[in-house]
Amino acid sequence: MTSTPVQTHQFDSRDPVTIQQFLSTTYDTTLRIHSRNGYRLSHHRVDAGPFAVSTTRQTGHLEIDASTLGGLVVGSARTARGERACDGSADRFAPGDVLLVTRPEEPCRARWHPGEVELCVLDLSVLTQVATTAPTRRPGRIRFTDLAPVSGALAQQWRSTTSFVSGVLLNSPTGAQPLVIGNAARMLAAAALTVFPNTAFTEATAADRNDASTATLRRATAFVEEYADRDISAADIAGAAGVSLRAVQLAFRRHLGTTPTAYLRRIRLDRAHHDLVRADPRRETVSAIASRWGFASHSRFTARYHASYGVPPRETLHA
């Protein structure tokens with residue numbers, strides 16, 4: 001497994017035309033920016049492929065008229081205030097607020113007063129990976145029914161998730177392992193689908209319950225064990241087993257008392273243990289091996305490893 005480059009972009013300008021061109025290209029949209037006063041915009045963006053996290057600070061009073069945005073864009077207002085109008089409704093945002101900038105494929109108008117916001121742009125295909133069912137029972141395009149979080153506690157969950165992704169997963173000068181990037185993308189997608197009301201999740205059907213058999217479990221676990229070194233999702237496991245995501249989740253819960261994702265994590269932990277036992281401590285590190293198997297946080301990996309094997313991973317490496 002080779003590392004995936006994580007690209008960092010820095011932009012700073014006082015020129016309205018340059019700023020407009022930059023934002024239009026960065027967010028895959030057509031927009032017009034109007035300001036009655038001179039202003040400055042500073043933008044720091046970390047792009048990991050299926051998602052990007054950026055911090056933008058500006059000093060003016062901007063009016064933004066955006067067409068459909070490329071991807072799902074979640075905003076977190078750090079110090080900025082503003083107003084937004086989407087789909088015939090209008091609301092305000094203030095420091096501390098978390099919001100969907102607009103629904104995918106819907107235009108939006110906004111007035112953004114001086115201050116800083118954090119924006120996370122997530123490829124829509126990742127949402128499908130997290131929420132999809134079997135092709136014959138696909139619920140259709142995911143639609144967000146509200147632009148505001150379900151609760152303040154869930155808004156904090158979003159902030160914690162993006163902080164973890166930015167601080168732990170993306171601060172790698174040499175790039176991140178594909179498993180880390182894939183896990184991070186699905187972590188953000190799962191958080192978005194939890195934090196904002198949407199149509200993605202449905203109850204298990206009678207067919208799902210019937211498909212949650214030991215045969216399904218055997219196909220699913222065989223796939224996981226063969227492809228644990230690949231960037232696979234629970235939806236991929238369900239597809240390999242030939243059933244819906246709900247059915248494979250029920251199969252793991254019914255027969256193993258766990259989830260497909262937790263089972264995959266356990267297999268990867270075993271593979272990491274195998275590598276630690278055989279590694280040369282002069283050439284390998286615990287962090288490198290953990291990252292190779294999709295564990296981005298050294299402390300979390302160490303805790304899981306110690307709980308499973310009774311010793312810290314460093315002790316295994318240097319045994």
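This report walks through some salt bridges, helix contacts and one loop residue in the structure above. Keep in mind that the model is predicted.

**Salt bridges**

Let's start with the charged side chains. Searching the whole structure turns up 16 salt bridges. Here are three of them, with the distance between N and O in each pair.

| Salt bridge | N to O distance |
|---|---|
| Glu106 and Arg103 | 3.5 Å |
| Arg186 and Asp231 | 2.6 Å |
| Glu284 and Arg292 | 2.7 Å |

Take the pair Arg186 and Asp231, whose side chains meet in a salt bridge. Its two residues come from distant parts of the chain, 45 residues apart: Arg186 sits in helix α4 (residues 178-195), while Asp231 belongs to the loop between α6 (214-227) and α7 (234-241). Are these two residues buried or exposed? Arg186 has a relative accessible area of 12%, so it counts as buried. Asp231, at 37%, is partly exposed.

Now for the pair Glu106 and Arg103, which also form a salt bridge. Glu106 is buried, with a relative accessible area of 17%. Arg103 is buried too, with a relative accessibility of 10%. In both cases the label applies because buried means under 20% relative accessible area.

Then there's Glu284, which pairs with Arg292. Glu284 has a relative accessible area of 22%, and that makes it partly exposed. Some salt bridges also share partners: Arg57, Arg78, Glu116 and Glu118 are joined this way into one network.

**Helix α4 and its neighbour α2**

We've already met α4 as the helix that holds Arg186. How many of its 18 residues are buried? The count is 13, so α4 is largely enclosed by the rest of the structure. You can also check the length of this helix. At 1.5 Å a residue, its 18 residues should span 26 Å, and the C-alpha atoms at its ends are indeed 26 Å apart, so the two values agree.

Helix α2 (residues 124-131) crosses α4 at roughly 75°, and their axes come within 9 Å. The two helices are therefore roughly perpendicular to each other. Which residues meet here? On the α2 side they are Val126, Leu127, Gln129, Val130 and Ala131, and on the α4 side Ala185, Arg186, Ala189, Ala190 and Leu193. Sorted by type, the residues of this contact are eight nonpolar, one polar and one charged. Notice that Arg186 turns up again: it takes part in this contact as well as in the salt bridge with Asp231.

**Helices α6 and α8**

A second helix pair is α6 and helix α8 (residues 245-256), which pack at an angle of about 105° with their axes 9 Å apart. These helices are therefore roughly perpendicular to each other as well. From α6, the contact uses Thr214, Thr216, Leu217, Ala220 and Thr221; from α8, it uses Val248, Ala251, Phe252, His255 and Leu256. That set splits into six nonpolar, four polar and no charged residues.

**A loop residue: Leu69**

Last stop: Leu69, found in the loop between β5 (62-66) and β6 (72-77). With 15% relative accessibility, Leu69 counts as buried. So what does it touch, leaving aside its neighbours within four places in sequence? Leu69 is in contact with Tyr27, Asp28, Thr29, Val101 and Thr102. Pro104 is 35 residues away from Leu69 along the chain, yet their C-alpha atoms are separated by 6.4 Å.

Conventions: Residues are numbered from 1 along each chain as its sequence is written. This is a predicted model: local features need pLDDT of at least 70, side-chain atom pairs count only at pLDDT 80 or more; totals for chains, interfaces and linings use all residues. Side-chain values use heavy atoms; hydrogens and water are left out. A salt bridge is a side-chain nitrogen of Lys or Arg within 4 Å of a carboxyl oxygen of Asp or Glu. Buried means under 20% relative accessible area, exposed over 50%, partly exposed in between (1.4 Å probe, protein chains only). Helices (H or I, at least four residues) and strands (E, at least two) are DSSP runs, numbered from the N terminus. Axes are lines fitted to C-alpha atoms, for helices over the stretch in contact, and angles run from 0 to 180 degrees between N-to-C directions. Angles under 35 degrees count as roughly parallel, over 145 as roughly antiparallel, 65 to 115 as roughly perpendicular and the rest as oblique. Contact means heavy atoms within 4.5 Å. Ala, Val, Leu, Ile, Met, Phe, Trp, Tyr, Cys and Pro count as nonpolar, Asp, Glu, Lys and Arg as charged, and the others, Gly among them, as polar. The expected span of a helix is 1.5 Å times one less than its number of residues.
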